[in-house]
Each structure stands twice: as structure tokens, then as C-alpha cells.
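Hi everyone, thanks for making time this morning. Let me put the structure up on the screen and then walk you through it.

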Amino acid sequence: MNRVSVAPQRRASGAPTLQTLPVAVTANVARIRARTPSTIMAVVKADGYGHGAVTVARAAVAAGAGWLGTTSVAEARALRAAGLAVPILAWLHPSGIDAEAAVAAGVDVAVGSVDELGALVAHAASTVRVHLHVDTGMSRGGCRRRQWDELIGLAQRGQRARRVRVVGVMGHLPLADRADPAANAPAVAGMREAQRAVRAAGLGSPVAHLAATSGTLTDSATHLGMVRVGAGLVGIDPSGTVAMHGASRLTAPIVHTTAVPAGTPVGYGGAYVTDRAAHLSVLPVGYADGIPRECSPQAGVEIRGRRFPVAGRVSMDQIVIDTGALCFPAGTSATVFGPDGGAVPSVQDWARWAGTIPHTIVTGIGPRVRRSTA
Ligand SMILES: *Cc1c(COP(=O)(O)O)cnc(C)c1O
């Protein structure tokens with residue numbers, strides 16, 4: 001895989017730091033653009049998958065993303081406040097759609113039910129830009145097939161009354177991670193059907209969007225007018241078929257180092273016992289900072305170009321590293337994960353060690369970890 005070269009910052013000391021690498025986001029958008037002529041919506045929910053929503057959004061838009069996507073209207077407003085001017089869609093409204101806030105910030109909203117759309121059509125003070133969200137197999141949100149006609153009829157009336165303007169039709173793929181176009185075919189057919197119904201109702205041809213990262217990377221039949229890419233921006237391909245560029249690096253300084261004899265138990269429960277005389281270095285990051293406690297004995301970190309294992313249980317605020325015969329002084333920087341390759345673990349490595357997906361690693365880094373941008 002070609003790597004974006006960003007020299008690791010070596011610091012003699014310093015707090016645990018999660019550094020975001022916008023150049024990697026840029027490269028990932030370029031890789032996506034090479035695979036689809038469709039408009040790219042950069043999805044930056046959950047603080048840009050832990051990388052900083054504004055930082056990721058700016059890099060993605062500069063690289064050619066034409067839209068932004070968030071979960072909530074509040075997240076969308078924060079992007080507007082930071083000066084991002086491209087269209088933004090928000091798709092989850094736990095306490096109902098705040099039409100006023102959405103219109104004031106120029107934010108589009110997805111409506112996934114007759115009730116949700118009905119509230120807008122009844123009460124909206126000015127025209128709300130909506131995307132009709134149809135369920136294409138997720139059963140997680142989106143209007144069920146049996147109510148599409150009702151939803152579209154209501155949209156038609158709402159548009160006539162200038163309460164709403166239908167600017168998009170949205171679905172979501174439940175099986176795209178399989179990287180098998182046949183698995184997506186029913187959802188693609190559903191979207192086509194919804195598009196036809198919208199057109200037949202005189203609502204024109206609003207932009208249709210169905211694919212997230214996996215669909216975008218593995219199945220061009222899902223691209224339609226726009227693709228919604230989140231994980232791919234920060235270097236995660238959930239289909240596991242395309243190498244993307246990791247967009248963050250987590251470093252922590254060694255707090256102190258101790259020499260211990262063979263047979264020394266380490267950490268809670270004494271789960272790890274040194275099999276030879278060794279040096280143990282403490283890093284000030286633990287499960288409260290997002291280091292998964294359930295990680296396997298294979299877990300490790302990089303120090304000065306070499307991989308060393310995490311010794312024993314992950315504590316709330318600390319981990320212990322067994323550096324064997326080598327003694328690193330306090331202040332030496334360790335890389336917990338990064339895109340560098342070699343001895344540096346990747347986010348994917350940590351996901352494997354913890355039996356989870358890379359998303360939970362990058363979104364799980366805690367608030368005590370300092371943020372920086374390369
Ligand atoms: C999170 C999300 C996306 C982006 O998914 P990725 O796999 O991270 O690219 C797209 N659409 C919806 C509705 C989402 O919730």
C-alpha cells in the first residue's frame with residue numbers, strides 16, 4: 001500500500017496525544033474519487049470518527065467532497081459555525097426535527113417516517129430541505145416499504161404548501177461489507193423503485209444516495225447520484241478489500257521505567273509474569289482513554305522502531321510495556337497506533353487484538369488525550 005509520508009513527531013516528553021493527519025484524509029478522498037464519478041458526501045459524525053469533525057470535513061471538502069453528513073442537526077451546526085459552506089445532511093432526530101434550527105443553519109434533514117414528515121408539513125415555518133429516507137433492508141430507520149406511497153404523497157402536499165422541498169432520496173446498505181454486489185441488489189432495486197415513485201409524484205429527480213464506504217469501494221451499482229463516506233475518510237475500509245491511509249497517530253510518553261527480575265508478575269491479577277529479567281515501562285493511557293481492556297496478549301506498542309508487548313491487564317489510566325533488555329528513559333515517546341507501518345501497530349491491529357472493528361478504536365479515544373493536527 002502506498003503510504004502518505006508524515007514523519008512521526010518525536011517528542012522528548014509530552015502528554016498522550018492523538019494527532020490527526022489531514023493529508024491522509026486528502027489521499028483517501030482522492031482514492032474514492034478515482035472509484036466513482038458520484039458526488040461524495042463526507043460523513044463526519046461522532047467527531048469525525050474521533051479525528052475531529054471540522055478537521056476531517058475541511059480536508060475532505062478541499063479534496064473534492066461536495067457534501068457533508070452528520071447524525072444530528074447540532075453536529076451540522078458546529079460545521080457551519082466553523083465556516084463550512086457545502087450542503088450538509090443530518091439524519092437522526094431523537095427529539096423530533098428542529099426545523100427552525102435546520103433552516104437557520106441551512107441544513108438538510110432526512111425524514112424516515114410519515115410521522116416525522118407530517119410534523120414538518122404541519123408546523124414548519126419556512127421551507128425545510130428534506131431527504132426521504134426509505135428502508136432498503138436495514139430495519140434501523142427509514143420508512144418501511146408499505147408506507148412509501150403515504151410518505152411520498154405527504155411530501156407532495158408538503159412541497160406544494162412550501163413547507164418542505166424534497167432534495168434527496170436516501171437508503172442504506174445492510175450487507176455491503178460482504179463486498180458482494182449480489183448482496184446489495186435488493187437494496188439497489190428498492191432505491192430505484194423509490195426514485196421512480198418520487199418522480200411519478202412530480203417531485204422531480206432529487207439526488208439519490210445509498211452507499212457508504214464499503215458500497216463505494218466495492219459495488220458501483222450502489223453509487224447512484226451520491227455516496228456517503230465516513231470510515232474511508234479516516235482510513236477504514238469495512239469491506240477489508242482496499243488499503244486506505246490511516247489518518248491518526250496515538251502517542252504517549254513513558255512515565256517511568258523499572259528493572260525487574262525473571263518471574264515478576266505484572267498488573268492486576270498477575271496475569272503476565274516476566275520470563276526473564278526485563279525492563280517495564282509505564283505509559284499513561286488506559287481503558288478510560290480508549291485502550292481496549294479486552295485486548296489479547298499480542299497487543300503491543302512501538303518504541304524507537306521496535307514493537308514491545310503490553311504486559312498484563314490494561315488499567316484504567318495506565319499500561320505497562322515489557323521492553324526486555326532495553327531500558328528507555330522516562331519521556332521516551334511510544335506510538336500506540338499510527339499509519340506508519342513497520343513496528344507501529346495500526347488501528348486495524350488493535351481492532352483485531354480486541355476482537356472488534358477499527359471504528360470502535362478510533363471513536364473510543366477518551367477526552368483526556370490531547371488532540372493535535374499534523
Ligand atoms: C455512518 C453512516 C454512513 C457512513 O458509513 P461508513 O461505513 O463509515 O462510510 C453513511 N450513511 C449513514 C446513514 C450512516 O449512518
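I'll start with the whole chain, move on to the ligand, and finish with some individual residues.

Please keep in mind that this is a predicted model. The chain has 374 residues, and 53% of them count as buried. Its secondary structure comes to eleven helices and 19 strands. If you follow the C-alpha trace along its principal axes, it spans about 80 × 40 × 40 Å.

Now for the ligand. Where does the ligand sit? You'll find the ligand in the largest pocket. Two elements give two or more residues each to the shell around it: helix H2, residues 45-49, and strand E9, residues 226-229.

Let me read out the full shell, so you can click through it later: Lys45, Tyr49, Trp91, Arg140, Met170, His172, Ala212, Thr213, Arg228, Val229, Gly230 and Ala231. How do the shell residues divide into nonpolar, polar and charged? The split is six nonpolar, three polar and three charged.

Let's look at the contacts to oxygen atoms of the ligand. Tryptophan 91 places a polar side-chain atom 3.5 Å from a ligand oxygen. With glycine 230, it is a backbone N or O atom that lies 2.8 Å from an oxygen of the ligand. Alanine 231 also takes part through its backbone, with a polar atom 2.8 Å from a ligand oxygen. As for how covered the ligand is, taken alone it exposes 380 Å², and the protein buries 90% of that.

While we're at helix H2, have a look at alanine 46, which is found in that helix. Its phi is positive, about 50°, although the residue is not a glycine. As a reminder, most residues other than glycine have a negative phi. Is alanine 46 buried or partly exposed? Alanine 46 has a relative accessible area of 42%, so it counts as partly exposed.

There is another positive phi to show you, at leucine 224, where the value is near 45°. Leucine 224 is found in the loop between helix H9, residues 213-218, and strand E9. Leucine 224 counts as buried, because its relative accessibility is 17% and the cut-off for buried is under 20%.

Next, please go to threonine 17. This residue is in strand E1, which covers residues 17-20. Threonine 17 is buried, with a relative accessible area of 4%. What does its side chain contact? There is a polar contact, at 3.2 Å, with the side chain of arginine 370. A polar atom of the threonine 17 side chain also lies 2.9 Å from the backbone oxygen of alanine 15.

Let me turn to some C-alpha distances, which you can check with the distance tool. Isoleucine 236 is in the loop between E9 and strand E10, residues 248-253. With a relative accessible area of 2%, isoleucine 236 is buried. How many ångströms separate its C-alpha from that of isoleucine 357, 121 residues apart along the chain? The answer is 9.4 Å.

Valine 266 gives us another pair. Valine 266 lies in strand E12, residues 265-266, and it is buried at 4% relative accessible area. Its C-alpha and that of isoleucine 321 are separated by 9.8 Å, with their positions 55 residues apart along the chain.

Now try serine 126, in the loop between helix H6, residues 114-123, and strand E6, residues 128-133. Serine 126 counts as partly exposed, at 36% relative accessibility. Serine 126 and alanine 65 are 61 residues apart along the chain, and their C-alpha atoms are separated by 28 Å.

My last stop is glutamate 75, in helix H4, residues 73-81. Glutamate 75 is partly exposed, with a relative accessible area of 24%. From glutamate 75 to valine 255 the C-alpha distance is 36 Å, and the two are 180 residues apart in sequence.

So, to bring us back to the ligand: it sits in the largest pocket, and the protein buries 90% of the area it exposes when taken alone. Thanks for listening, and I'm happy to go back to any view you'd like.

Methods. Residues are numbered from 1 along each chain as its sequence is written. This is a predicted model: local features need pLDDT of at least 70, side-chain atom pairs count only at pLDDT 80 or more; totals for chains, interfaces and linings use all residues. Side-chain values use heavy atoms; hydrogens and water are left out. A residue is near a molecule or strand if one of its heavy atoms lies within 4 Å of it. A polar contact is a pair of N or O atoms within 3.5 Å; within protein, one must be able to donate a hydrogen and the other to accept it, and residues adjacent in sequence count only if both atoms are side-chain atoms. Accessible areas come from the Shrake-Rupley method with a 1.4 Å probe; for residues, only the protein chains shown count as cover. On a 1 Å grid over the protein atoms alone, a cavity is a set of points where a 1.4 Å probe fits but cannot get out, and a pocket is an open set with protein on both sides within 12 Å along at least five of seven lines; lining residues have an atom within 4 Å of a point. A molecule sits in a cavity or pocket if more than half of its atoms lie within 2 Å of its grid points. Helices (H or I, at least four residues) and strands (E, at least two) are DSSP runs, numbered from the N terminus. Ala, Val, Leu, Ile, Met, Phe, Trp, Tyr, Cys and Pro count as nonpolar, Asp, Glu, Lys and Arg as charged, and the others, Gly among them, as polar. Buried means under 20% relative accessible area, exposed over 50%, partly exposed in between (1.4 Å probe, protein chains only).
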